[in-house]
Amino acid sequence: MKLDSMYQEIILDHYRNPHGKGLRDGDAEVHHVNPTCGDEITLRVRLDGAVVADISYESQGCSISQASASVLNELVVGRTVGDGQAIQEAFLELMQSKGQGEGDEELLEDAVAFAGVSKYPARVKCALLSWMAWKDATAKALAGQPVVND
Amino acid sequence: MTTTSGSAFTALTGLLDTDAIRKDFPILQRVLHDGKPLVYLDNAATSQKPRQVLDALNAYYEQHNANVHRGVHVLAEEATALYEGARDKVAAFINAPSRDEVIFTKNASESLNLVANMLGWADEPYRVDADAEIVITEMEHHSNIVPWQLLSQRTGAKLKWFGLTDDGRLDLSNINELITEKTKIVSFTLVSNLLGTVNPVETIVRRAQDVGALVLIDASQAAPHMVLDVQALEADFVAFTGHKMLAPTGIGVLWGRQELLEDLPPFLGGGEMIETVTMGSSTYAPAPHKFEAGTPPIAQAVGLGAAIDYLANIGMDKIAAHEHAITEYAVARLQEVPDLRIIGPRTAVDRGAAISFVLGDIHPHDVGQVLDEQGIAVRVGHHCARPVCLRYGIPATTRASFYLYNTQAEVDQLIDGLHHVRNFFG
Ligand SMILES: Cc1ncc(COP(=O)(O)O)c(C=O)c1O
């Protein structure tokens, strides 16, 4: 059934047992909404120099948006901001692929499970909500901190 | 897996001949994913269109197309007659005292905004200014909230609203504090698009009349489904939208009492709405043309006329009875689904055929997606009535909404579909 291509087991697992959910200390906070369906996320980023020390979030939304926030946390926390941005861009490209992309599993790991979601235009925004919030929060956090050259 | 208990129920009485009606709607013959017939339960968002309406649109463009009110040639006269004929049909459909009280707009949102703007620019006694109060309700569609917020921000008028009871009705307990001598306009929906609630028009209109406030009724979810008699409602303005009542998109109606339409100023200026124009100033055509600047949606109005013919031919009372039977059945069957909570009245009394619900903690988006896979079209989200979701502490709902072509079997399919959703996410 086609549904299984969207609701991969990995996605349902992340939905049922989300990683890193809840709000903790951060350097910047953003609130993003998806006005068409009412999904919302409040997301905080804490940086430790060039490293993403924590991504914490409180969110309300469908399984796709919840699972995607969980995958974001799992993939990006502990990496450098630069690596995180590369992953974010690869994920964005995959979600914009209209079902054509497969995603680089080395880079995206569990996030490749979202390839099937890219076939459903109404759901792409759900998958991207937390990632766009992270991008925004990170830009804010970077703007608010002294430049680190390392 | 899923169980069909539909057979345990006896067939409903008072239903329309849906087999015959469905043949008029080409789209209802569509088959979706893996051979699943379309079960269209998103009628509160927009209705499907019968062949009679599609034919009227085609015939208009193939035979009569011209601009209205401005040519002397045959086509211009035919187009004008068709456009003005549609106005006569609307007037009869809503029992308007005069055809000149029927203003064509592009949708209900434009109709509602038109009233807000008329009142913002009006002279006394209608003028909404810093001393005035505007009253709406917490169950309005955003189209009947935002225009009043804009008016309030621009004029300084105070915006007030009726709250909701736990079972999805208007809380009228403070009506006398809400609607006061300061109130200039009370605007509320006759039927809620999210909750399905049918509101007590008479109580609200009485109070508004007592204090001399104008009343605007948003009949977007009523005009398609029940007998609408603007004289019986005793409102000053009634707004609705064509696409929810079998007509094409791009056509709406604002009905207003003649004296008011004479007194109130135009909002949009342009061709068609004038009497004479000099470089210094203009005088205006009488209503309804005063409020119809520019080339109107001609074909769409003709389509609305054809839709009204179709509905009237079946009979709005029969359509209302059909939907009531389906709603009663659906409300009962939905409550058999474990963890399902109806948001809105849990009976079919004073209730329209839009039923919102939440299913455990499965997000409506996911409910809608799995139903779609089975060919069942419902709407998910906040349905442009986000304050209602906030009121009941939920992010969104799933909404099934029925119309004259929906069947008891489709309710059963919805219920089976919901069992499947539970299994899928269980
Ligand atoms: C109660 C109500 N009012 C107003 C509207 C707005 O209708 P339209 O989008 O056609 O302007 C709708 C429909 O979405 C509605 O359900």
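This dialogue examines two pockets and a pair of domains in a predicted model.

Visitor: How much space lies in the largest pocket?

Guide: A pocket is best read first by its volume and then by its lining. The largest pocket holds about 390 Å³ of space. It is lined by 18 residues, and those closest to its centre are Ala122(A), Arg123(A), His365(B), Gln369(B) and Val380(B).

Visitor: Which helices and strands each supply at least two residues of that lining?

Guide: Chain A supplies helix H6 (121-143), while chain B supplies helix H12 (364-373) and strand E15 (376-377). The most is given by H6(A), with 5 residues.

Visitor: How do the residues of this lining divide into nonpolar, polar and charged?

Guide: The lining of the largest pocket has 9 nonpolar, 5 polar and 4 charged residues.

Visitor: What volume does the second largest pocket have, and which residues are closest to its centre?

Guide: The volume of the second largest pocket is about 300 Å³. Its lining comprises 17 residues, of which Gly61(A), Asp361(B), Ile362(B), His363(B) and Pro395(B) are the closest to the centre. Strand E3 (51-60) of chain A and strand E14 (354-359) of chain B are the elements that give two or more residues to this lining. By class, the lining of the second largest pocket contains 9 nonpolar, 6 polar and 2 charged residues.

Visitor: Let us turn to the domains. Where do the domains of chain B lie in the sequence?

Guide: A domain may be assigned as one segment or as several. In chain B, domain 1 is assigned to 18-37 + 315-425, and domain 2 to 53-313. Their centres, taken over C-alpha atoms, are separated by 28 Å.

Visitor: How many residues of each domain are in contact with the other?

Guide: Such an interface can be read by its contacts and by its buried area. In chain B, 37 residues of domain 1 are in contact with 33 residues of domain 2. Between them, these two domains of chain B bury about 2600 Å², with 57% of that area on carbon and sulfur atoms.

Visitor: Which residues in domain 1 of chain B lose the most area to domain 2 of chain B?

Guide: They are Met316(B), Arg391(B) and Tyr403(B), which together account for 24% of what the domain 1 side buries.

Visitor: How many salt bridges are counted between domain 1 and domain 2 of chain B?

Guide: The count is 1 salt bridge between these domains of chain B. Arg391(B), one of the residues just named for lost area, also forms a side-chain salt bridge with Asp166(B), at 2.9 Å from N to O.

Terms used: Residues are numbered from 1 along each chain as its sequence is written. Chains are lettered from A and ligands numbered from 1 in the order in which they are written. This is a predicted model: local features need pLDDT of at least 70, side-chain atom pairs count only at pLDDT 80 or more; totals for chains, interfaces and linings use all residues. Side-chain values use heavy atoms; hydrogens and water are left out. On a 1 Å grid over the protein atoms alone, a cavity is a set of points where a 1.4 Å probe fits but cannot get out, and a pocket is an open set with protein on both sides within 12 Å along at least five of seven lines; lining residues have an atom within 4 Å of a point. Grid points are joined across faces, edges and corners, and a volume is the space filled by probe spheres set on the points. Helices (H or I, at least four residues) and strands (E, at least two) are DSSP runs, numbered from the N terminus. Ala, Val, Leu, Ile, Met, Phe, Trp, Tyr, Cys and Pro count as nonpolar, Asp, Glu, Lys and Arg as charged, and the others, Gly among them, as polar. Domain bounds come from an automatic or database domain assignment. Contact means heavy atoms within 4.5 Å. Buried area is the accessible area (1.4 Å probe) that two parts lose on being put together, summed over both. A salt bridge is a side-chain nitrogen of Lys or Arg within 4 Å of a carboxyl oxygen of Asp or Glu.
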